[in-house]
Amino acid sequence: MIELHGAQTGNTLRAVIALEETRLPYEVHKVDLAGGKHREKPYLDLNATARVPTLIDRDGPGGKPLVLTQSNAIMLYVAEKSGMLLPPEGVERVRALEWLFFFVTDVIAPSHQAFFLGRDPAFEGVEESKRRLEERALGMYEHVDKQLDGKRFLAGDSFTLADVAGYTITSSFAKQVPPSLLHVARWMTEVSARPAVKRGLTAFR
Ligand SMILES: N[C@@H](CCC(=O)N[C@@H](CS)C(=O)NCC(=O)O)C(=O)O
(Lines give C-alpha, C1' and ligand atoms only; values in the text may rest on other atoms or scores of the structure.)
Protein backbone atom coordinates (compact mmCIF):
# COMPACT_ATOMS: atom_id res chain seq x y z
CA MET A 1 0.00 0.00 0.00
CA ILE A 2 1.13 3.55 -0.75
CA GLU A 3 0.84 6.37 1.80
CA LEU A 4 0.97 9.99 0.68
CA HIS A 5 1.87 12.45 3.41
CA GLY A 6 0.99 16.00 2.46
CA ALA A 7 -1.28 19.02 2.74
CA GLN A 8 -3.46 21.17 0.49
CA THR A 9 -0.50 22.71 -1.37
CA GLY A 10 0.56 22.78 -5.02
CA ASN A 11 3.39 20.29 -4.54
CA THR A 12 1.12 17.76 -2.82
CA LEU A 13 -1.60 18.27 -5.43
CA ARG A 14 0.76 17.22 -8.22
CA ALA A 15 1.53 13.97 -6.41
CA VAL A 16 -2.07 13.19 -5.43
CA ILE A 17 -3.52 13.93 -8.88
CA ALA A 18 -0.89 11.63 -10.40
CA LEU A 19 -1.90 8.88 -7.92
CA GLU A 20 -5.59 9.38 -8.69
CA GLU A 21 -4.97 9.23 -12.43
CA THR A 22 -3.03 5.95 -12.13
CA ARG A 23 -5.68 4.38 -9.82
CA LEU A 24 -2.92 2.92 -7.61
CA PRO A 25 -4.45 2.38 -4.15
CA TYR A 26 -3.12 4.88 -1.60
CA GLU A 27 -3.92 6.42 1.78
CA VAL A 28 -3.97 10.13 2.56
CA HIS A 29 -1.94 11.24 5.61
CA LYS A 30 -2.51 14.90 6.35
CA VAL A 31 0.46 16.83 7.71
CA ASP A 32 -0.46 19.84 9.85
CA LEU A 33 1.75 22.56 8.32
CA ALA A 34 0.11 25.37 10.32
CA GLY A 35 0.88 23.44 13.52
CA GLY A 36 4.50 22.93 12.38
CA LYS A 37 4.26 19.11 12.41
CA HIS A 38 6.46 18.91 9.30
CA ARG A 39 9.34 20.35 11.33
CA GLU A 40 9.05 17.71 14.06
CA LYS A 41 9.62 14.01 14.44
CA PRO A 42 8.29 11.61 13.27
CA TYR A 43 7.73 13.50 9.98
CA LEU A 44 11.33 14.74 9.87
CA ASP A 45 12.58 11.16 9.85
CA LEU A 46 10.68 10.67 6.60
CA ASN A 47 11.56 13.96 4.96
CA ALA A 48 14.60 15.77 6.34
CA THR A 49 13.81 18.87 4.24
CA ALA A 50 10.70 19.44 6.42
CA ARG A 51 8.47 19.84 3.37
CA VAL A 52 5.53 18.04 1.83
CA PRO A 53 4.79 15.76 0.07
CA THR A 54 6.39 12.44 1.03
CA LEU A 55 5.35 9.07 -0.36
CA ILE A 56 5.86 5.73 1.38
CA ASP A 57 5.43 2.60 -0.70
CA ARG A 58 5.37 -0.47 1.55
CA ASP A 59 5.77 -2.55 -1.60
CA GLY A 60 8.52 -0.61 -3.35
CA PRO A 61 11.15 -1.86 -5.82
CA GLY A 62 12.28 -5.41 -5.00
CA GLY A 63 9.32 -5.73 -2.60
CA LYS A 64 11.08 -3.44 -0.11
CA PRO A 65 9.60 -0.31 1.48
CA LEU A 66 10.50 2.96 -0.22
CA VAL A 67 10.32 6.51 1.15
CA LEU A 68 10.32 9.14 -1.58
CA THR A 69 10.34 12.95 -1.39
CA GLN A 70 10.08 15.55 -4.20
CA SER A 71 6.67 15.87 -5.83
CA ASN A 72 8.03 15.45 -9.34
CA ALA A 73 10.03 12.32 -8.47
CA ILE A 74 6.84 10.97 -6.85
CA MET A 75 4.87 11.63 -10.05
CA LEU A 76 7.51 9.86 -12.12
CA TYR A 77 7.61 6.92 -9.68
CA VAL A 78 3.85 6.35 -9.74
CA ALA A 79 3.83 6.76 -13.53
CA GLU A 80 6.46 4.05 -13.93
CA LYS A 81 4.89 1.79 -11.33
CA SER A 82 1.49 1.95 -13.04
CA GLY A 83 2.60 2.22 -16.66
CA MET A 84 0.40 5.34 -17.02
CA LEU A 85 0.96 9.10 -17.45
CA LEU A 86 4.20 8.65 -19.41
CA PRO A 87 4.12 7.05 -22.85
CA PRO A 88 6.56 4.10 -22.89
CA GLU A 89 8.56 5.30 -25.90
CA GLY A 90 8.67 7.58 -28.90
CA VAL A 91 8.20 11.28 -29.43
CA GLU A 92 5.23 11.59 -27.03
CA ARG A 93 7.42 10.34 -24.15
CA VAL A 94 10.17 12.81 -24.99
CA ARG A 95 7.66 15.68 -25.29
CA ALA A 96 6.03 14.71 -21.98
CA LEU A 97 9.41 14.97 -20.23
CA GLU A 98 10.29 18.17 -22.07
CA TRP A 99 7.05 19.86 -20.95
CA LEU A 100 7.26 18.45 -17.43
CA PHE A 101 10.70 20.05 -16.99
CA PHE A 102 9.54 23.22 -18.72
CA PHE A 103 6.83 23.70 -16.10
CA VAL A 104 9.02 22.62 -13.17
CA THR A 105 11.95 24.89 -13.97
CA ASP A 106 10.50 27.79 -15.98
CA VAL A 107 7.10 28.31 -14.37
CA ILE A 108 6.83 26.55 -10.99
CA ALA A 109 10.31 27.52 -9.74
CA PRO A 110 9.99 31.31 -10.28
CA SER A 111 6.41 31.37 -9.04
CA HIS A 112 7.39 29.54 -5.82
CA GLN A 113 10.26 31.97 -5.32
CA ALA A 114 7.81 34.88 -5.73
CA PHE A 115 5.50 33.27 -3.16
CA PHE A 116 8.28 32.88 -0.59
CA LEU A 117 9.55 36.43 -1.18
CA GLY A 118 6.00 37.64 -0.52
CA ARG A 119 6.21 36.06 2.93
CA ASP A 120 9.26 38.17 3.78
CA PRO A 121 7.96 41.77 3.74
CA ALA A 122 11.06 43.00 5.60
CA PHE A 123 13.19 42.29 2.55
CA GLU A 124 13.89 45.57 0.76
CA GLY A 125 12.59 45.58 -2.81
CA VAL A 126 10.37 42.58 -2.18
CA GLU A 127 7.44 43.83 -4.27
CA GLU A 128 9.57 44.56 -7.34
CA SER A 129 11.44 41.22 -7.07
CA LYS A 130 8.16 39.36 -6.65
CA ARG A 131 6.64 41.14 -9.64
CA ARG A 132 9.61 40.28 -11.84
CA LEU A 133 9.56 36.62 -10.89
CA GLU A 134 5.81 36.36 -11.54
CA GLU A 135 6.28 38.14 -14.85
CA ARG A 136 8.98 35.64 -15.78
CA ALA A 137 6.65 32.71 -15.04
CA LEU A 138 3.62 34.26 -16.76
CA GLY A 139 5.72 35.26 -19.77
CA MET A 140 5.95 31.55 -20.63
CA TYR A 141 2.25 31.14 -21.38
CA GLU A 142 2.35 32.33 -24.99
CA HIS A 143 4.75 29.47 -25.58
CA VAL A 144 2.33 27.05 -23.83
CA ASP A 145 -0.55 28.34 -25.97
CA LYS A 146 1.41 27.66 -29.18
CA GLN A 147 2.24 24.15 -27.99
CA LEU A 148 -1.44 23.42 -27.33
CA ASP A 149 -2.57 24.72 -30.72
CA GLY A 150 -3.82 21.58 -32.51
CA LYS A 151 -2.99 19.30 -29.57
CA ARG A 152 -5.35 17.93 -26.97
CA PHE A 153 -2.65 17.72 -24.29
CA LEU A 154 0.88 19.07 -23.93
CA ALA A 155 2.64 16.01 -25.36
CA GLY A 156 -0.05 15.08 -27.88
CA ASP A 157 -3.11 12.85 -27.56
CA SER A 158 -2.36 11.38 -24.12
CA PHE A 159 -2.68 13.03 -20.73
CA THR A 160 0.76 12.92 -19.09
CA LEU A 161 2.79 14.10 -16.11
CA ALA A 162 3.40 17.34 -18.00
CA ASP A 163 -0.32 18.12 -17.90
CA VAL A 164 -0.48 17.42 -14.16
CA ALA A 165 2.45 19.79 -13.49
CA GLY A 166 1.11 22.41 -15.88
CA TYR A 167 -2.44 22.23 -14.58
CA THR A 168 -1.61 22.59 -10.86
CA ILE A 169 0.59 25.66 -11.28
CA THR A 170 -1.71 27.28 -13.87
CA SER A 171 -4.70 26.91 -11.53
CA SER A 172 -2.80 28.75 -8.82
CA PHE A 173 -2.55 31.90 -10.93
CA ALA A 174 -5.36 31.33 -13.39
CA LYS A 175 -6.64 34.90 -13.09
CA GLN A 176 -3.29 36.27 -14.27
CA VAL A 177 -3.03 34.11 -17.40
CA PRO A 178 -4.47 36.24 -20.26
CA PRO A 179 -7.90 34.88 -21.39
CA SER A 180 -6.82 35.62 -24.98
CA LEU A 181 -4.69 32.46 -24.77
CA LEU A 182 -7.55 30.31 -26.00
CA HIS A 183 -5.71 27.00 -26.26
CA VAL A 184 -4.56 27.30 -22.64
CA ALA A 185 -8.15 28.08 -21.58
CA ARG A 186 -9.56 25.10 -23.51
CA TRP A 187 -6.90 22.74 -22.05
CA MET A 188 -7.52 23.99 -18.48
CA THR A 189 -11.27 23.37 -18.90
CA GLU A 190 -10.68 19.84 -20.16
CA VAL A 191 -8.17 18.95 -17.43
CA SER A 192 -10.42 20.43 -14.68
CA ALA A 193 -13.25 18.14 -15.81
CA ARG A 194 -11.24 14.91 -15.37
CA PRO A 195 -12.71 12.88 -12.50
CA ALA A 196 -9.24 11.96 -11.16
CA VAL A 197 -8.22 15.62 -11.11
CA LYS A 198 -11.39 16.55 -9.20
CA ARG A 199 -10.73 13.79 -6.66
CA GLY A 200 -7.09 14.87 -6.29
CA LEU A 201 -8.03 18.50 -5.66
CA THR A 202 -10.16 17.52 -2.64
CA ALA A 203 -8.17 14.58 -1.23
CA PHE A 204 -6.26 16.73 1.31
CA ARG A 205 -9.05 19.14 2.21
N1 LIG B 1 10.80 20.62 -4.28
C2 LIG B 1 9.84 20.16 -3.31
C3 LIG B 1 9.21 21.38 -2.66
C4 LIG B 1 8.29 21.01 -1.52
C5 LIG B 1 7.73 22.27 -0.85
O6 LIG B 1 8.29 23.37 -0.93
N7 LIG B 1 6.62 22.06 -0.13
C8 LIG B 1 6.01 23.17 0.60
C9 LIG B 1 4.51 23.16 0.38
S10 LIG B 1 4.08 23.52 -1.32
C11 LIG B 1 6.23 22.98 2.07
O12 LIG B 1 6.24 21.85 2.56
N13 LIG B 1 6.41 24.07 2.80
C14 LIG B 1 6.55 24.02 4.20
C15 LIG B 1 7.51 25.08 4.70
O16 LIG B 1 8.16 25.73 3.85
O17 LIG B 1 7.62 25.23 5.91
C18 LIG B 1 8.78 19.27 -3.99
O19 LIG B 1 8.53 19.46 -5.18
O20 LIG B 1 8.22 18.36 -3.34
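**What counts as a contact here**

In this predicted model, a backbone N or O atom of Val-52 sits 2.8 Å from an oxygen atom of the ligand.

Me: What makes the Val-52 pair a polar contact?
Reply: The cut-off is 3.5 Å between N or O atoms. Val-52 brings a backbone N or O atom, the ligand brings an oxygen atom, and 2.8 Å is within that limit, so the pair counts.

Me: Which atoms make the Ser-71 and His-38 pairs polar contacts too?
Reply: In Ser-71 an N or O atom of the side chain lies 2.6 Å from a ligand oxygen atom. For His-38, again through an N or O atom in the side chain, the distance is 2.9 Å. Both values fall within 3.5 Å, so both pairs qualify.

Me: How much of the ligand does the protein cover?
Reply: On its own the ligand has 520 Å² of accessible area, and the protein covers 80% of that.

Me: How do you know that β1 and β2 are paired?
Reply: Pairing takes at least two bridges. β1 (residues 2-6) and β2 have 5, in the parallel sense, so they pass. Gly-6 stands opposite Lys-30 in β2.

Me: Why are β2 and β4 called edge strands?
Reply: The open sheet runs β2-β1-β3-β4, with mixed pairing. β2 (26-30) and β4 (66-69) each have a single partner strand, so one side of each has no neighbour in the sheet. On average, neighbouring strands are turned by 20° against each other, direction ignored.

Me: Which strands does helix α1 lie across?
Reply: Helix α1 (residues 10-22) lies across β1 and β2, at about 155° to β1.

Note on methods: Residues numbered from 1 in each chain as written. Predicted model: local features only at pLDDT ≥ 70, side-chain atom pairs only at ≥ 80, totals over all residues. Heavy atoms only, no water. Helix = DSSP H or I, 4+ residues; strand = E, 2+ residues; numbered from the N terminus. Axes fitted to C-alpha atoms, helices over the stretch in contact; angles between N-to-C directions. Contact = heavy atoms within 4.5 Å. Polar contact = N/O pair within 3.5 Å; in protein donor to acceptor, adjacent residues only side chain to side chain. Areas by Shrake-Rupley, 256 points an atom, 1.4 Å probe, with all protein chains shown as cover.
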